Amino acid sequence: MRTLSIIRTLTLILTLAFPSVLHAQQADEQLILKHFHSISSEEISGWMTEICAPEFNGRLAGTPEYLASADWVAGKLKEWGIKPAGDNGSYFQWFDHPYTVVNDIGALRLHITHKDGSVIIKSYSAPEGYYPGMNSGNGEVTAEVVYVGYGVTAPELNYDDYKGIDVRGKIVMMNRDVPYKDVRNPEYAKWVRYCYHQYKVENAAAHGAAGMLYIDGNSANPNISYIENMIVCGIGPEPLADIFAGLGKENKSLIEQIDKSFKPASFATGKTMTIKASTTRHPEGRTCNVVGMIEGTDPLLKEEVIIIGGHLDAVGNAGGLLVDGGFDNASGVIDIMAAARALAESGIRMKRTVLFLLIGGEEVGLLGSKYYTRNPIFPKEKTVTYINLDMVGNGTGLGVSASANCEGLTGYFKTANDSYIHRPMRVSTSGGLFYGRPRSDGLVFLADGFRTMSIYTTDGVKPVYYHLPGDDETAVTPEIMEDVAKLIYLSFIELANADTLNY
Ligand SMILES: [Zn+2]
């Protein structure tokens, strides 16, 4: 710890020269450590229970239950004396956010026709076999399933999964991503617009499909376009195997073949399925980021801001499949809250301003971070860095990474860990540019030209239920969350007070 070691050195010098200064310096160090020790896994566990409570119903952005969770966080910030930094003196930064409520789990059924013409119907269960489309249209479709590889039509790349295939009124089945896989190669930039889930649904609808099975894992995915008459669901391994059964093909080898040849492998499967979805669309939806700040104490340096953020929203409740979002991302939010409380309550002087940004609408397409970068509360040039926390609370180790233009800032975190926390810690720089589909709020800030960092945890010890009902308050390890919060707390005192920052 630079401040603490400087304090110690100064203390030594000053004790000899001016004994009366000794008490002031000791008091500073004692104050820092007192509030460092006030960060506890017990407090963190209590907040995990509160934020994963049934009344927040999985915090789907746009819903009243998400807003209730935003109110809960804002209430805590207020209690600790953290200033509102949102619209009109409030803690909230509002933006439009249409959303879809899934009323029940719907159905996925396969129609199996025997040689004698009789038909039996096989029903799958959720979430093992399928996951209801979180932005599906409302209704039911029964039709033949047509395999369309990646569901991409890219004439300028001489690639079309729909070429020579009639999908009108049919159910299309496709994979996520695109045949080109190297997201760090500028070549990927030509493909990026086709890798979005939103594009895939829209392209399927443009070709006249009535339904879509997305081979994207059987988990909740609100990050997909809503199209009124398109019935969508995510498909798990069992129905996928049943669709391919007896066809002498399988998805995995078809994908390998497409990736190698850049030639589509679409075909009509001859299998009939039913997808049923019960949803209600709310085009009028609005939601918010929650923003609070501790204003800097230095008349000049207070113009500079360090932002720490993480998404508050989760994937909600799909007709009884409730995902509390414990690990993803109550963990990040509560790490930030625990550090914020200690920083605010300690009253420790910080020359620069610190902004706490709890983001809404991440799961639906990074809407909250896009809104912030287009409407920044402090100018980009005055932003030291944006530090993202997403799923930071499972394991025994710590990690910090930084974009190449601020890799020096990782040193503040490393020193804090080495001096007072002593966890195994990975330090890295995210090398090169990224041309793929941004999948975190940090990448939105990076793409907009902000210096960015992220804090993460390593060596997970709990099973990860990504976008699945198991992701509740028990999916985290509060002990590592305590240390993440302590890491933020100590590093921020240094970052905020350094006369010049070592980027
Ligand atoms: Zn997340």
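# A walk through the model, starting at Asp-471

Select Asp-471 to begin: with a relative accessible area of 3%, this residue is buried. Bear in mind as you click around that you're looking at a predicted model.

**Stop 1: around Asp-471.** Colour by secondary structure and you'll find Asp-471 in the loop that runs between strand 21 (452–458) and helix 12 (478–497). Now show what surrounds the side chain. Setting aside residues up to four places away in sequence, Asp-471 touches Val-323, Asp-324, Gly-325, Gly-326, Phe-327, Asp-328 and Tyr-465. For a sense of scale, add Met-212, which is 259 residues from Asp-471 along the chain; their C-alpha atoms are separated by 26 Å.

**Stop 2: a cis bond at Asp-328.** One of those contacts of Asp-471 is Asp-328, so keep it selected and add Asn-329. The peptide bond joining Asp-328 and Asn-329 is cis, with omega about 10 degrees. Asn-329 itself is found in helix 8, residues 326–346.

**Stop 3: Asp-459.** Go back to the loop between strand 21 and helix 12 and pick Asp-459, which lies there too. What is the phi of Asp-459? It's positive, about 55 degrees, although the residue is not a glycine. Is Asp-459 buried or partly exposed? Its relative accessible area is 44%, so Asp-459 counts as partly exposed.

**Stop 4: Asp-177.** Jump to Asp-177, in the loop between strand 9 (171–175) and helix 5 (197–206). Here's another non-glycine with a positive phi, this one about 70 degrees. Asp-177 has a relative accessible area of 28%, which makes it partly exposed.

**Stop 5: the other cis bond.** Select Ala-126 and Pro-127: a cis peptide bond joins them, and omega is about 5 degrees. You'll see Pro-127 in the loop between strand 4 (119–123) and strand 5 (130–132).

**Stop 6: the cores.** In soluble globular proteins, nonpolar side chains tend to be buried together. To see that here, select Val-290, Phe-413, Tyr-489 and Phe-492, the residues with the most contacts inside the largest nonpolar core, which has 74 residues. Stay on Tyr-489 for a moment. Beyond its neighbours within four places in sequence, Tyr-489 is in contact with Leu-31, Ile-32, His-35, Phe-36, Ile-39, Ala-339, Ala-342, Leu-343, Ser-346 and Ile-348. Then switch to a second, separate core: it has 47 residues, among them Tyr-124, Val-178, Tyr-180 and Met-273.

**Stop 7: zoom out.** With the whole protein chain in view, there are 12 helices and 21 strands to pick out. The radius of gyration is 25 Å, close to the 23 Å from the globule rule for 503 residues, so the chain is as compact as a globular protein of that length. Along the principal axes, the C-alpha atoms fill a box of roughly 100 × 45 × 40 Å.

Colour by burial next: 56% of the 503 residues count as buried. A contact map is worth a look as well, since residues 24 or more positions apart account for 82% of the contacts with a separation of 6 or more.

Last, turn on the surface. The chain exposes about 20100 Å², and carbon and sulfur atoms supply 54% of that. Colour by charge to bring up 44 positive and 58 negative side chains; the centres of the two sets lie 5 Å apart.

Technical notes. Residues are numbered from 1 along each chain as its sequence is written. This is a predicted model: local features need pLDDT of at least 70, side-chain atom pairs count only at pLDDT 80 or more; totals for chains, interfaces and linings use all residues. Side-chain values use heavy atoms; hydrogens and water are left out. Helices (H or I, at least four residues) and strands (E, at least two) are DSSP runs, numbered from the N terminus. The radius of gyration is taken over C-alpha atoms; the globule rule is 2.2 Å times the number of residues to the power 0.38. Buried means under 20% relative accessible area, exposed over 50%, partly exposed in between (1.4 Å probe, protein chains only). Contact means heavy atoms within 4.5 Å. Accessible areas come from the Shrake-Rupley method with a 1.4 Å probe; for residues, only the protein chains shown count as cover. Lys and Arg count as positive and Asp and Glu as negative; His and the chain ends are not counted. The place of a charge is taken as NZ of Lys, CZ of Arg, CG of Asp or CD of Glu. A nonpolar core is a set of buried Ala, Val, Leu, Ile, Met, Phe, Trp, Tyr and Cys residues joined through side-chain atoms within 4.5 Å.
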